There are 2 protein chains.
Amino acid sequence: MIDKLIEKIQKLHAPVVVGLDPDLAFIPDFIQRRAFSQYGETPEGAAQAIWTFNKAIIDAVCDLVPAVKPQSAMYEQFGISGEIIFDRTIRYCHEKGLIVIGDVKRGDIGNTSAAYARGHLGPVQIGTSQFNGFDEDFVTVNPYMGSDSVLPFTETAEKSGKGIFVLVKTSNPSSADFQDRLVDGRPLFELVADKVNEWGSGSIGQYGFSEVGAVVGATWPKQAARARELMPHTFFLVPGYGAQGATAQDLKPNFNEDGLGAIVNSSRGIIAAYKKEKYAKYGEQNFADASRAAVLDMIEDINSVL
Amino acid sequence: MIDKLIEKIQKLHAPVVVGLDPDLAFIPDFIQRRAFSQYGETPEGAAQAIWTFNKAIIDAVCDLVPAVKPQSAMYEQFGISGEIIFDRTIRYCHEKGLIVIGDVKRGDIGNTSAAYARGHLGPVQIGTSQFNGFDEDFVTVNPYMGSDSVLPFTETAEKSGKGIFVLVKTSNPSSADFQDRLVDGRPLFELVADKVNEWGSGSIGQYGFSEVGAVVGATWPKQAARARELMPHTFFLVPGYGAQGATAQDLKPNFNEDGLGAIVNSSRGIIAAYKKEKYAKYGEQNFADASRAAVLDMIEDINSVL
């Protein structure tokens with residue numbers, strides 16, 4: 001799946017992923033009102049609003065970007081109603097030819113990680129039949145529990161022709177609490193980076209990158225440079241651009257000199273673009289056009305430093 | 001919620017939680033066959049089998065134990081059909097008076113962790129109304145991303161009168177990969193333990209324990225003793241007993257001298273007890289009676305060392 005992602009990035013000249021994190025606060029009032037009038041102020045109503053919102057944004061950006069990244073939490077918060085829309089969003093993105101990175105940050109002891117892996121990278125065996133639960137192409141994985149919590153994901157990914165991104169150095173301020181603490185003189189995230197190399201060593205594709213990617217925040221350019229050095233065969237999923245404060249210049253260390261090696265996420269900056277002064281001219285009704293414009297600007301911004 | 005948990009443990013003399021991890025391999029053939037004949041070999045069929053299985057076990061053990069711990073992955077693997085049963089299981093356990101520990105091991109950047117927290121410890125605001133998504137009493141939280149990824153859980157828990165258990169030293173073999181690495185001469189899990197103290201310092205209840213508990217594996221008695229020392233106000237959720245190899249003797253360091261301070265999980269050892277030679281006499285048809293017998297034995301075994 002990493003080869004497919006790289007080919008799409010190259011074809012579109014767009015190392016960009018749109019984060020589908022549909023907080024209700026980002027969804028235009030008119031959409032919420034319409035959904036609530038039909039389903040009430042209920043989880044079903046919220047889910048309907050999210051679906052209308054997501055679909056319009058997907059339609060508006062699907063020819064511009066290789067991938068989307070739905071954030072599990074934003075759906076899970078509405079219980080079953082939210083999960084139904086998480087699932088529908090994934091399926092619709094596939095119909096539109098988008099690669100789907102499920103931002104689920106799962107990880108558990110071996111047999112439990114295996115169940116998560118089946119659930120998101122499929123398939124699951126039921127009697128003599130096989131099914132996909134949530135059918136993403138990549139998922140994010142939390143490494144705190146160590147190798148035997150990550151390997152069930154790499155094994156399932158390999159069988160299904162899919163991939164993962166392991167949290168290495170996350171974009172949030174408190175990532176320093178543990179990830180930057182020194183072990184034998186090296187920050188913990190570097191030890192995780194070494195493991196990512198190891199976990200991915202058996203799945204290096206034709207462009208030199210493995211199916212085991214790394215999440216490396218754009219908000220830490222110095223650490224990103226080090227991570228890039230330590231993981232030459234690892235593709236980076238880079239959060240933190242835009243709303244979290246990182247600029248295009250900050251992103252440079254995440255990429256190789258040839259401009260490959262990373263894909264940059266923006267969630268709020270794209271899906272809630274209509275709320276920003278820069279895109280206010282589109283108006284709330286045309287929020288998806290604002291998102292499209294924001295994607296085009298983001299692609300141009302990032303390409304300007306590569 | 002920690003006070004309520006402690007009171008239930010004391011009333012029942014049972015520091016035991018039953019892990020509801022319904023792998024299909026644990027579910028008796030006759031239940032699977034019946035579910036598949038009604039719904040086919042489909043996710044709906046698997047979910048129906050899980051529900052029948054869970055309900056029988058809950059009915060059989062609900063007067064013996066204070067709490068259950070459904071493992072999200074085992075439901076998530078069947079997509080929406082599985083999530084529906086995860087939700088139904090939680091609701092049914094509440095009807096039966098059980099405390100529910102959602103083993104979800106979530107954690108993300110601030111606003112995303114807040115959405116997970118709302119989704120599992122509720123409520124979520126929809127227009128002028130409030131709803132609970134998945135309505136657990138506690139959830140497990142992964143600390144790799146640091147304070148700002150955990151605090152949204154403690155804040156939501158406080159508002160909802162609920163609690164969390166933070167992964168400190170997990171039961172799996174590879175937990176040594178990162179959790180045991182030395183930072184300034186101390187294993188990483190001890191740094192996490194210090195943070196758990198800090199995160200829980202504002203929520204210490206009438207029995208001296210905070211709403212921020214810790215997951216400390218029974219498979220590492222030495223580390224458990226150290227964790228117990230470092231976190232005097234922290235209640236431990238202890239996995240690893242039974243199927244993962246830890247014995248009652250191994251559990252002792254997780255408890256205080258007064259026998260308080262921890263609750264021990266068993267999943268497979270209880271729910272799949274009918275498959276063990278010791279409980280084979282019950283037969284597959286009476287799997288829930290075997291589970292009840294296994295719970296009684298586990299309670300006796302643990303109390304024998306306290």
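Which hand does the crossing of H6(A) and H7(A) have? It is right-handed. That is one small detail of a predicted model, and the sections below walk through some others, starting with the pair of helices just named.

## Helices H6 and H7 in chain A

Two packed helices are described by the angle between their axes and the distance between the axes. Here, helix H6 covers residues 110-121 of chain A and helix H7 covers residues 147-160. Their axes come within 8 Å and cross at roughly 35°.

Who does the touching? On the H6(A) side there are Gly110(A), Ser113(A), Ala114(A), Tyr116(A), Ala117(A), Arg118(A) and Leu121(A). They meet a set of H7(A) residues that includes Asp148(A), Pro152(A), Phe153(A) and Ala157(A). If you look at the numbering, it helps to know that an α-helix has 3.6 residues a turn, so residues three or four places apart point the same way.

## How the two chains are related

Two copies of a chain are related by a rotation about an axis and a shift along it. In this model, a turn of 180° and a shift of 0.0 Å along the axis lay chain A on chain B, with an RMSD of 0.0 Å. That is the relation of a two-fold axis. Want a landmark for the axis? Look for Val183(A): of the residues of chain A, its C-alpha comes closest to the rotation axis, at 2.5 Å.

The copies meet through the same surface, because 100% of the interface residues of chain A are also interface residues in chain B.

## Helix H2, seen in both chains

In chain A, helix H2 (residues 29-39) packs on helix H3 (residues 43-61), with axes that come within 8 Å and cross at roughly 140°. That makes H2(A) oblique to H3(A). The crossing is right-handed here too. Ile31(A), Gln32(A), Ala35(A), Phe36(A) and Tyr39(A) are the H2(A) residues that meet H3(A), where their partners include Glu44(A), Ala49(A) and Phe53(A).

Over in chain B, the buried residues of H2 are Phe30(B), Ile31(B), Gln32(B), Ala35(B) and Phe36(B). Their cover includes H3 and helix H13 (287-303) of chain B, along with strand E4 (124-126) of chain A. Just after H2(B) comes Gly40(B), with a positive phi of about 80°.

## H3, H5 and Ser81 in chain B

Helix H3 of chain B also packs with H5(B), at an angle of about 15° and with the axes 9 Å apart. That makes H3(B) roughly parallel to H5(B). H3(B) passes H5(B) in a right-handed crossing. Among the H3(B) residues involved are Pro43(B), Glu44(B), Ala47(B) and Trp51(B), while H5(B) brings residues including Ser81(B), Ile85(B) and Tyr92(B).

Ser81(B) is a nice one to zoom in on. It sits in H5(B), which runs over residues 79-95, and counts as buried at 12% relative accessibility. Leaving aside neighbours within four places in sequence, Ser81(B) is in contact with Pro43(B), Glu44(B) and Ala47(B). With Glu44(B), there is a side-chain polar contact of 3.4 Å.

## Two more buried residues

Phe165(B) belongs to strand E7 (residues 163-169) of chain B and is buried, with a relative accessible area of 0%. Beyond its neighbours within four places in sequence, Phe165(B) has contacts that include Leu5(B), Ile101(B), Phe138(B), Val215(B) and Phe236(B).

Asp135(A) is in the loop between strands E5 (129-131) and E6 (138-141) of chain A. Its relative accessible area is 19%, so Asp135(A) is buried, the cut-off being under 20%. The side chains of Asp135(A) and Lys162(A) are joined by a polar contact of 2.6 Å. Ile90(A), His94(A) and His120(A) are also in contact with Asp135(A).

## Backbone oddities

Gly122(A) and Pro123(A) are joined by a cis peptide bond, with omega about -10°. Pro123(A) lies in the loop between H6 and E4 of chain A. Chain B has a cis peptide bond between Gly122(B) and Pro123(B), with omega about -10°.

Two residues other than glycine have a positive phi: His13(A), at about 50°, and Lys105(A), near 45°. Are they buried or exposed? His13(A), in the loop between helix H1 and strand E1 of chain A, is exposed, with a relative accessible area of 57%. Lys105(A), in strand E3, counts as buried at 7%.

Technical notes: Residues numbered from 1 in each chain as written. Chains lettered and ligands numbered in written order. Predicted model: local features only at pLDDT ≥ 70, side-chain atom pairs only at ≥ 80, totals over all residues. Heavy atoms only, no water. Least-squares fit on C-alpha atoms with pLDDT ≥ 70 in both. Contact = heavy atoms within 4.5 Å. Helix = DSSP H or I, 4+ residues; strand = E, 2+ residues; numbered from the N terminus. Buried < 20%, exposed > 50% of the residue type's maximum accessible area, 1.4 Å probe, protein only. Polar contact = N/O pair within 3.5 Å; in protein donor to acceptor, adjacent residues only side chain to side chain. Axes fitted to C-alpha atoms, helices over the stretch in contact; angles between N-to-C directions. Parallel < 35°, antiparallel > 145°, perpendicular 65-115°, else oblique. Left-handed = near helix turned anticlockwise from the far one by under 90°.
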